[in-house]
Amino acid sequence: MDGRLYVVHGSHPCATVARALELKGISYKTIELPPPLHAPIQRLRFGERTVPALRLNGEKLSGSRRILRRLEELRPDPPLYPADPELRRRVEEAEAWGDETFQAIPRRMFWHGIKRNPGALVSYSETAKPRLPAAVVRLSAPVIARGAGRLNRATEDAVRADLAALPGHLDRIDGWIEEGVLGGEQLNAADLQIATTLRLLMTIEDVRPQIEDRPAGRLALRLFPDAEGRLPAGTLPAAA
Ligand SMILES: N[C@@H](CCC(=O)N[C@@H](CS)C(=O)NCC(=O)O)C(=O)O
């Protein structure tokens, strides 16, 4: 099995799929696309505008959850979904919440933050392929942030509401860890979906202190010790 994974550099659901491919032992090549231009390119190539998308043995798959399910069918070991039906139901519920609700939060915070501090994009681009000179990244950052900000509805009001909702989301994740839905010895699909979002949030210094010293933060650091980039404290507005 040989895959081609289409990503945007630093994208958290792309990291979810990359880790799933690695756990399943499926070899793949990564193709990095520039945001927000990736959206029309992906629409043409896959029929859907988002990354991650995967081409695997001629099959085209789009969307992190859909991809993980297909990988599980094609290569069941190691399993990403528990065999116990009740635990599987709970893992799928957490995974769906991670995809549909939680995943968008750092995206809005990040693009809103880059609109306010375009220079910070340089720190998120250091291992990008191709690697552009810092001056080029800095100069293009305001245009990229405007486009990606629009695509993600990253308005100040939305970010303020996200900041206000974050403590409740973190309590929910800690609850799942305590109940054994997340954070077990054997990594599952919900761990991969939620930990990548937490890890991206932890690069945003306005929120990192709320996350790092609790089970959610420890889970993110266990799974993804390294993350590129830093959005300095004081960039985001206050919570609503
Ligand atoms: N929730 C979906 C969508 C992922 C998603 O929105 N990806 C972003 C990059 S992190 C994207 O491609 N955005 C472009 C757009 O919304 O058009 C998944 O997990 O696959």
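This briefing covers the domains, the sheet and the ligand surroundings of one structure. The model is predicted. The domain assignment splits the protein into domain 1 (2-74) and domain 2 (85-223). An open sheet of four strands is present. A ligand is surrounded by 14 residues, and each domain supplies at least three of them.

**The sheet**

- The strand order is β2-β1-β3-β4. The pairing is mixed.
- β2 (27-32) and β4 (59-62) stand at the edges. Each has a single partner strand, so one side of each lacks a neighbour in the sheet.
- Neighbouring strands are turned against each other by 20 degrees on average, with direction ignored.

**Strand β1 and its partners**

- Strand β1 spans residues 2-7. Strand β3 spans residues 53-56.
- β1 and β3 pair in the antiparallel sense, over four bridges.
- Two residue pairs illustrate this pairing. Y6 stands opposite A53 in β3, and R4 has R55 in β3 as its bridge partner.
- β1 and β2 run parallel, joined by six bridges.
- On that side, G3 stands opposite Y28 in β2.
- Helix α1 (residues 12-24) joins β1 and β2 in a β-α-β unit. The unit is right-handed.
- In a regular strand, side chains alternate between the two faces of the sheet.

**Where the domains meet**

- The centres of domain 1 and domain 2 are separated by 18 Å, taken over C-alpha atoms.
- The contact takes 16 residues from domain 1 and 19 residues from domain 2.
- On the domain 1 side, the elements giving two or more residues are α1 and α3 (64-74).
- α1 gives the most to this side, with seven residues. The helix α1 is also part of the right-handed β-α-β unit with β1 and β2.
- By class, the domain 1 side of the contact has eight nonpolar, five polar and three charged residues.

**Around the ligand**

- Which residues are the closest to the ligand? They are S11, P13, A39, T50 and S64.
- The full shell counts 14 residues. It divides into six nonpolar, five polar and three charged residues.
- Which domains supply the shell? Domain 1 (2-74) and domain 2 (85-223) each give at least three residues.

Conventions: Residues numbered from 1 in each chain as written. Predicted model: local features only at pLDDT ≥ 70, side-chain atom pairs only at ≥ 80, totals over all residues. Pairing = 2+ DSSP bridges. Axes fitted to C-alpha atoms, helices over the stretch in contact; angles between N-to-C directions. Near = placed C-beta within 6 Å. Nonpolar A, V, L, I, M, F, W, Y, C, P; charged D, E, K, R; others polar. Domains from an automatic or database assignment. Right-handed = clockwise from strand over helix to strand, strands pointing away. Contact = placed C-beta atoms within 7 Å.
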